[in-house]
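This report is an introduction for a reader who meets the structure for the first time. Please keep the sequence and the model in view while reading.

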Amino acid sequence: MDRGLTAWAHLIAEAELAGPLPRRWTHSQGVSLRAVGLEPVLGDNADLLIAAAVLHDVGYAPVLAVTGFHPLDGARFLRDVHGADERLVRLVANHSFALLEAEERGLRVVLEAEFPLLEDQRLVDALVWCDMTTTPHGEPTTAEARVAEIVGRYGAESVVGRFIRRASPEIFAAVARVEAALAAQPK
């Protein structure tokens, strides 16, 4: 376990989000708390997930928003400014089926070339679960409620609305896989 990684990630996320985007910071803290609950499932990868969870939305920080696509902006910041672990950067870049949103924005080729999807499906699914079962206020929710909230907030025909509706079957499948892994854990 690398608690130094998670402490570092929290410091970076707080520095970039807490002041300019307090609600986004609250969401990121909630996503990180959900990740802590997956430690029994992920073992040695738990700290990587916790770090990715708290950093997944860092690209929303106004000073980091270069392309306007937060997974790409956040991953570039973590790679270029902080020299972050490649797996961490790839998780942030591809969180919650970002490739589908990148496609909507004409950035899929760029995202795939710079930050290939991590092959560890358990980690990818785990970050989807953490993000898509946490409200903007950092509280636990269902994936269905979260998708509905996103569509309601952005509008069904917005870039984000179109993306999240396309991604929802994959989101729900990833959440189901994580919940099955959690249910299989000894009590």
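The sections below take up two helices, a pocket, a cavity, a loop and several single residues.

## Basis of the report

The structure described here is a predicted model.

## Helix 5 and its surroundings

Helix 5 covers residues 70-80 and is mostly covered, since 8 of its 11 residues are buried. The buried positions are H70, P71, L72, D73, G74, A75, F77 and L78.

Several other helices pack against these buried residues. They are helix 1 (3-17), helix 4 (46-55), helix 6 (86-93), helix 7 (98-104) and helix 8 (108-114).

## Helix 11 and its kink

Helix 11 comprises residues 159-183, a run of 25 residues. At 1.5 Å a residue, a helix of this number of residues should span 36 Å, and the C-alpha atoms at its ends are 35 Å apart, so the expected and the modelled spans agree. Along its course, helix 11 has a kink of about 50 degrees at S168, shortly before the proline P169.

S168 is also one of the buried residues of helix 11. The others are V160, G161, F163, I164, A167, I171, A174, V175 and V178. The cover over the buried residues of helix 11 includes helix 7, helix 9 (121-132) and helix 10 (143-154).

## The largest pocket

The largest pocket has a volume of about 270 Å³. Its lining consists of 23 residues, of which Y60, H70, E101, V160 and F163 are the closest to the centre of the pocket. Two or more lining residues come from each of helix 2 (22-36), helix 5, helix 7, helix 9, helix 10 and helix 11. Helix 10 gives the most, with 4 residues.

By chemical class, the lining of the largest pocket holds 10 nonpolar, 6 polar and 7 charged residues. Some of the residues closest to the centre also appear in the descriptions of the helices above: H70 is a buried residue of helix 5, while V160 and F163 are buried residues of helix 11.

## The largest cavity

The structure holds 1 cavity of 30 Å³ or more. The volume of the largest cavity is about 40 Å³. Its lining is formed by R90, L91, N94, H95, S96, L117, V124, L127 and V128.

Helix 6 and helix 9 each supply at least two residues of this lining. The largest share comes from helix 9, with 3 residues. The lining of the largest cavity divides into 5 nonpolar residues, 3 polar residues and 1 charged residue.

## The loop between helix 6 and helix 7

S96, which lines the largest cavity, is located in the loop between helix 6 and helix 7. Its phi is near 55 degrees, a positive value in a residue other than glycine. S96 counts as buried because its relative accessibility is 4%, and buried means under 20%.

F97 lies in the loop between helix 6 and helix 7 as well. F97 has a positive phi of about 60 degrees, although it is not a glycine. With a relative accessible area of 19%, F97 is buried, the cut-off being under 20%.

## Single residues in helix 2 and helix 10

S28 belongs to helix 2. Its relative accessible area is 0%, and S28 is therefore buried. When residues up to four places away in sequence are not counted, S28 touches L17, A53, V54, H56 and D57.

A143 and E144 both have their place in helix 10. A143 is buried, with a relative accessible area of 3%, whereas E144 is partly exposed, with a relative accessible area of 48%. Apart from neighbours within four places in sequence, A143 is in contact with M132, T133, I171, F172 and V175. Among these partners, I171 and V175 are buried residues of helix 11.

Two separations between C-alpha atoms place these residues in the model. A143 and A61 are 82 residues apart in sequence and 25 Å apart in space. E144 and L182 are 38 residues apart in sequence and 19 Å apart in space.

Notes:
Residues are numbered from 1 along each chain as its sequence is written. This is a predicted model: local features need pLDDT of at least 70, side-chain atom pairs count only at pLDDT 80 or more; totals for chains, interfaces and linings use all residues. Side-chain values use heavy atoms; hydrogens and water are left out. Buried means under 20% relative accessible area, exposed over 50%, partly exposed in between (1.4 Å probe, protein chains only). Contact means heavy atoms within 4.5 Å. The expected span of a helix is 1.5 Å times one less than its number of residues. The bend at a residue is the angle between axes fitted to the seven residues ending there and the seven starting there. On a 1 Å grid over the protein atoms alone, a cavity is a set of points where a 1.4 Å probe fits but cannot get out, and a pocket is an open set with protein on both sides within 12 Å along at least five of seven lines; lining residues have an atom within 4 Å of a point. Grid points are joined across faces, edges and corners, and a volume is the space filled by probe spheres set on the points. Ala, Val, Leu, Ile, Met, Phe, Trp, Tyr, Cys and Pro count as nonpolar, Asp, Glu, Lys and Arg as charged, and the others, Gly among them, as polar.
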